Amino acid sequence: MKPIGYWLNRTDQALTTYMNDMLEEFDLTRIAWQVLNVIRDTPEAHDSDVLSTLAANADAATLTGAIDAVLADGWAHRRAPGRLTLTPAGQQRLAEVAVHVNAFRELSTSGISPDEYRTAVHVLERMTRNLERATAADR
């Protein structure tokens, strides 16, 4: 049996590859889609909100590039310096993307019961917290 790190890396690569391919028709990447979700969920979001929320998903340069991309493509705009909000067109387009993302979620969890999914997430969360606590204690 391969170790959990192997499967975590393979799973993340598979998720990213599939999502990037699926989102390509919308001129989005997985990271840009995640940025849009933070903007949607955080009215008048600051760039720092996006960077802190998605810090585990990508480095600051990648996230800043994704912010710039969603601004350039008209998904979001700035009402004030450093503040982000979805445009009306961005809101509509994000709703269209949601249909594809929901289909992706169904595909990726095919054959996995809700209890199995919750258990997997809980186990990964505990492993992460164990290691983060140990790392913090060592510093």
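Start by selecting Val35, which touches Val50, Leu54, Leu63, Ala66, Ile67 and Val70, leaving aside residues up to four places away in sequence. The model on screen is a predicted one. Val35 belongs to helix H2, and its relative accessibility is 0%, so it counts as buried. Now add Leu54 to the selection. Val35 and Leu54 lie 19 residues apart in sequence, while their C-alpha atoms are 7.7 Å apart in space.

**The whole chain**

Zoom out and show the protein chain as a cartoon. It has six helices and three strands, and along the sequence they follow the pattern α-α-β-α-α-β-β-α-α. Along the principal axes, the C-alpha atoms fill a box of roughly 50 × 40 × 25 Å. Of the 139 residues in the protein chain, 24% are buried. Among contacts with a separation of 6 or more, 52% are between residues 24 or more positions apart.

**Helix H1**

Next, select residues 4–23, which form helix H1. Its 20 residues should span 28 Å at 1.5 Å a residue, and the end C-alpha atoms are 28 Å apart, so the two values agree. Show the side chains of Met19, Met22 and Leu23, which are buried in H1. These three cover an arc of only 85° around the axis, which puts them on the same side of H1. What lies over the buried residues of H1? The cover includes helix H2 (30–41) and H5. Turn the view to the face of H1 directed away from its buried side, and the exposed residues Asn9, Gln13 and Asp21 appear there.

**The loop after H1**

Move on to Asp27, in the loop between H1 and H2. Asp27 has a positive phi of about 60°, although it is not a glycine. As background, most residues other than glycine have a negative phi. Is Asp27 buried or exposed? Its relative accessibility is 59%, and exposed means over 50%, so Asp27 counts as exposed.

**H2 against H4**

Show H2 together with helix H4, residues 60–72. The axes of H2 and H4 come within 9 Å and cross at roughly 75°. That angle makes H2 roughly perpendicular to H4. On the H2 side the contact is made by Ile31, Ala32, Val35, Leu36 and Ile39, and on the H4 side by Thr62, Leu63, Ala66, Ile67 and Val70. Val35, the starting point of the tour, is thus one of the residues in this contact.

Keep H4 and hide H2. H4 has 13 residues and reaches 18 Å from its first C-alpha to its last, close to the 18 Å expected at 1.5 Å a residue. Which residues of H4 are buried? They are Leu63, Ala66, Ile67 and Val70. They cover an arc of only 100° around the axis, which puts them on the same side of H4. The buried residues of H4 pack against H2, helix H3 (47–53), strand S2 (76–77) and S3. On the face turned away from the buried side, look for the exposed residues Ala61 and Ala72.

**H2 against H5**

Bring H2 back and add H5. The axes of these two helices come within 12 Å and cross at roughly 120°. This makes H2 oblique to H5. H2 passes H5 in a left-handed crossing. Where they meet, select Trp33, Leu36 and Arg40 in H2 with Leu94, Val97, Val101 and Arg105 in H5.

**Two more positive phi values**

Select Glu44, in the loop between H2 and strand S1 (45–46). Glu44 is not a glycine, yet it has a positive phi of about 55°. Its relative accessible area is 26%, so Glu44 is partly exposed. Then go to Gly74, just after H4, where phi is positive at about 80°.

**Last stop: Thr87**

Leave Gly74 displayed and select Thr87. Thr87 is found in the loop between strand S3 (83–86) and helix H5 (88–108). Which residues does Thr87 touch, not counting those up to four places away in sequence? Thr87 touches Gly74, Trp75, Ala76 and His77. With a relative accessibility of 12%, Thr87 counts as buried, because buried means under 20%.

Methods:
Residues numbered from 1 in each chain as written. Predicted model: local features only at pLDDT ≥ 70, side-chain atom pairs only at ≥ 80, totals over all residues. Heavy atoms only, no water. Helix = DSSP H or I, 4+ residues; strand = E, 2+ residues; numbered from the N terminus. Buried < 20%, exposed > 50% of the residue type's maximum accessible area, 1.4 Å probe, protein only. Contact = heavy atoms within 4.5 Å. Expected span 1.5 Å × (residues − 1). Arc of directions from axis to C-beta. Axes fitted to C-alpha atoms, helices over the stretch in contact; angles between N-to-C directions. Parallel < 35°, antiparallel > 145°, perpendicular 65-115°, else oblique. Left-handed = near helix turned anticlockwise from the far one by under 90°.
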